[in-house]
Amino acid sequence: MDCIFCKIINGEIPSSFVYEDENVVAFEDLNPMAPEHILVIPKKHYASLNDIPEDEMGIISDIHKAIQNIAKQRGFDKAGYRVVNNCGSDGGQEVFHIHFHVLAGKTLGPIC
Ligand code: AMP
Ligand code: ZN
């Protein structure tokens, strides 16, 4: 499948993971919008939030557990952070492998 994030997961595109578990990986965004800008993605390909079957929604919990761990590991859990999922064209989604942006390291401005 011609998916840039699947290629990152399978090593075709070199990247260094800041976090990995059985179902989830995380890496730094290429164009950071904050001092900390990490993308958290499932290893399994789902194009967007719309494409996760009801009986596989546990992956959303796995992703949020990963985010909790990443925030603690990187030390921004106490100061706070923002989690963003862009879904579809009005949502501004550009990469169609579901991903959650984790933004931290400064006081963030309004959402939009
Ligand atoms: P979205 O607009 O929510 O689909 O966000 C896609 C994000 O993926 C953008 O913030 C890009 O900077 C980021 N991105 C695209 N290609 C790469 C890559 N090869 N490595 C890391 N981040 C990437
Ligand atoms: Zn993919």
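**Exercise 1. Place strand S3 in the sheet, starting from the bridge partner of Ala26 in S3.**

Step 1. Ala26 has Val40 as its bridge partner in S3. The model is predicted: local features need pLDDT of at least 70, side-chain atom pairs count only at pLDDT 80 or more, and totals for chains, interfaces and linings use all residues. Residues are numbered from 1 along each chain as its sequence is written, and side-chain values use heavy atoms, with hydrogens and water left out.

Step 2. S2 and S3 run antiparallel and are joined by five bridges. Strands (E, at least two residues) and helices (H or I, at least four) are DSSP runs, numbered from the N terminus; two strands pair if DSSP finds at least two bridges between them.

Step 3. S3 and S5 are likewise antiparallel, with five bridges. Here Leu39 stands opposite His101 in S5.

Step 4. Seven of the seven residues of S3 are buried (buried: under 20% relative accessible area; exposed: over 50%; partly exposed: in between; 1.4 Å probe, protein chains only). Glu36, Ile38, Val40 and Pro42 point one way, while His37, Leu39 and Ile41 point the other way.

**Exercise 2. Give the strand order of the sheet and state which strands stand at the edges.**

Step 1. The order is S1-S2-S3-S5-S4, an open sheet of five strands with antiparallel pairing.

Step 2. S1 (17–20) and S4 (81–84) are the edge strands; each has a single partner strand, so one side of each lacks a neighbour in the sheet.

Step 3. From one strand to the next the twist averages 20°. Axes are lines fitted to C-alpha atoms, for helices over the stretch in contact, and angles run from 0 to 180 degrees between N-to-C directions.

Step 4. S4 pairs with S5 (residues 100–104) through four bridges, in the antiparallel sense. Val84 has His101 as its bridge partner in S5.

Step 5. Helix H2 (residues 58–74) packs on the sheet and touches S1, S2, S3, S4 and S5; its direction makes about 150° with that of S3. Contact means heavy atoms within 4.5 Å.

Step 6. The buried residues of H2 are Ile59, Ile60, Asp62, Ile63, Ala66, Ile67, Ile70 and Ala71. Just after H2, Gly75 takes a positive phi of about 85°.

**Exercise 3. Describe the surroundings of Gln93 in the loop between S4 and S5.**

Step 1. Gln93 has a relative accessible area of 6%, so Gln93 counts as buried.

Step 2. A polar atom of the Gln93 side chain lies 2.9 Å from the backbone oxygen of Ala47. The backbone oxygen of Val95 lies 3.0 Å from a polar atom of that side chain.

Step 3. Leaving aside neighbours within four places in sequence, Gln93 is in contact with Ala47, Ser48, Asn86, Cys87 and Gly88.

**Exercise 4. Classify the aromatic pairs.**

Step 1. Rings of Phe, Tyr and Trp (its six-membered ring) pair if their centres lie within 6.5 Å; planes under 30 degrees apart count as stacked, over 60 as edge-to-face and the rest as tilted. By this rule there are two aromatic pairs.

Step 2. Phe5 and Phe27 are edge-to-face, at 5.4 Å centre to centre and 75° between the planes. This pair links distant parts of the chain, 22 residues apart: Phe5 is in helix H1 (residues 4–9) and Phe27 in S2 (residues 24–28). Both residues are buried.

Step 3. Phe76 and Tyr81 are also edge-to-face, because their ring centres are 5.6 Å apart and their planes stand at 65°. Phe76 is buried at 5% relative accessibility, whereas Tyr81 is partly exposed at 35%.

Definitions and conventions. Chains lettered and ligands numbered in written order. Polar contact = N/O pair within 3.5 Å; in protein donor to acceptor, adjacent residues only side chain to side chain.
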